[in-house]
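I opened this notebook to keep a record of what I looked up in one structure. The entries follow the order in which I worked.

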Amino acid sequence: MGANQSSQPPVEIPPPSDISSLSAEKSSVGAGETIKKKKKKNKKEQELTGFALVQYKCRRKRRAYDKCYATWYGGNFVTGQNVNNREESCDDLFDEWRECILLGMKKDRDSRGLPPPDKDSMLGEVDEDE
């Protein structure tokens, strides 16, 4: 074999009719339209119910808050530095986690057909915010 020849077979290129059918499939979705895929539940989500499912869905927000709090507690509070510094506070992360839990609990109540929560309760406050 020469230097320019390879031992691999040539790549097959589909005929033009096959290529046009591919572009026709893509163009069947109009301009500006988006295809929404239904979020597939993973195995863990399928096994959990009730509050365990709510906790699982809010786990990332809790981890973010826990990490922030551990950093603040170990770095600032224990050493007595910047204890009241609001910029390094974890309040926003806590509020996001809290809201995630409360909304999840409310949705769980609604899905089970329970009566609306009392207006004085935490879930009642979430109900008013919506």
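The entries below go from the overall fold to contacts and surface patches.

**Entry 1. Fold and burial**

I noted at the outset that this is a predicted model. I then looked up the secondary structure and found 6 helices and 0 strands in the chain. Read from the N terminus, the order of elements is α-α-α-α-α-α. I also looked up burial: of the 130 residues in the chain, 16% are buried.

**Entry 2. Aromatic pairs**

I searched the whole structure for aromatic pairs, and the search returned 6. I examined the pair of tyrosine 69 and tryptophan 72, whose ring centres are 5.8 Å apart and whose planes meet at 40 degrees, so I recorded the pair as tilted. An edge-to-face label would have needed planes over 60 degrees apart. Both residues belong to helix 4, which covers residues 59–77, and their spacing of 3 residues is about one helical turn. I checked the cover of each partner. Tyrosine 69 has a relative accessible area of 38% and is partly exposed, whereas tryptophan 72, at 18%, is buried.

I then turned to phenylalanine 94 and tryptophan 97, with ring centres 6.0 Å apart and planes at 80 degrees; this pair is therefore edge-to-face. Phenylalanine 94 and tryptophan 97 are again 3 residues apart, about one turn, this time within helix 5. Phenylalanine 94 is partly exposed at 33% relative accessibility. Tryptophan 97 has 19% relative accessibility and counts as buried, because the limit for a buried residue is under 20%.

Which residues make up the aromatic cluster? I listed Tyr65, Tyr69, Trp72, Tyr73, Phe94 and Trp97 as one cluster. Both pairs described above have their residues in this list.

**Entry 3. Salt bridges**

I looked up how many salt bridges the structure holds, and the count is 3.

The bridge I recorded in helix 4 joins aspartate 66 to arginine 62, with the closest N and O atoms 3.2 Å apart. Aspartate 66 and arginine 62 are 4 residues apart in helix 4, about one turn. Aspartate 66 is partly exposed with a relative accessible area of 35%, and arginine 62 is also partly exposed, at 41%.

In helix 5, I found aspartate 110 and lysine 106 joined through their side chains, at 2.9 Å from N to O. Their separation of 4 residues in helix 5 amounts to about one helical turn. Is lysine 106 buried or exposed? At 11% relative accessibility, lysine 106 counts as buried. Its partner, aspartate 110, is partly exposed with a relative accessible area of 44%.

I also recorded the salt bridge between the side chains of aspartate 108 and arginine 112, at 2.8 Å from N to O. Here aspartate 108 is buried, with a relative accessible area of 17%, while arginine 112 is exposed, with 58%.

**Entry 4. Surface patches**

I looked for charge on the surface and found that Asp92, Asp95, Glu96 and Glu99 gather in a patch of negative charge. I placed glutamate 96 in helix 5, which runs over residues 91–111. With 41% relative accessibility, glutamate 96 is partly exposed.

I then looked for nonpolar residues on the surface. Tyr69, Tyr73, Phe77 and Val78 form a nonpolar patch, and together they have about 390 Å² of accessible area. Valine 78 sits in the loop between helix 4 and helix 5. Valine 78 is exposed, since its relative accessible area is 55% and the class begins at over 50%. Two members of this patch, Tyr69 and Tyr73, also appear in the aromatic cluster of Entry 2.

**Entry 5. A contact across the sequence**

Finally, I looked up leucine 103, which is found in helix 5. Leucine 103 is partly exposed at 24% relative accessibility. How far apart are leucine 103 and valine 126 in sequence and in space? I recorded 23 residues along the sequence and 6.9 Å from C-alpha to C-alpha.

Technical notes
Residues are numbered from 1 along each chain as its sequence is written. This is a predicted model: local features need pLDDT of at least 70, side-chain atom pairs count only at pLDDT 80 or more; totals for chains, interfaces and linings use all residues. Side-chain values use heavy atoms; hydrogens and water are left out. Patches are made of residues with over 30% relative accessible area and no salt bridge: like charges are joined within 9 Å, nonpolar side chains (Val, Leu, Ile, Met, Phe, Trp, Tyr) within 5 Å. Accessible areas come from the Shrake-Rupley method with a 1.4 Å probe; for residues, only the protein chains shown count as cover. A salt bridge is a side-chain nitrogen of Lys or Arg within 4 Å of a carboxyl oxygen of Asp or Glu. Lys and Arg count as positive and Asp and Glu as negative; His and the chain ends are not counted. The place of a charge is taken as NZ of Lys, CZ of Arg, CG of Asp or CD of Glu. Helices (H or I, at least four residues) and strands (E, at least two) are DSSP runs, numbered from the N terminus. Buried means under 20% relative accessible area, exposed over 50%, partly exposed in between (1.4 Å probe, protein chains only). Rings of Phe, Tyr and Trp (its six-membered ring) pair if their centres lie within 6.5 Å; planes under 30 degrees apart count as stacked, over 60 as edge-to-face and the rest as tilted.
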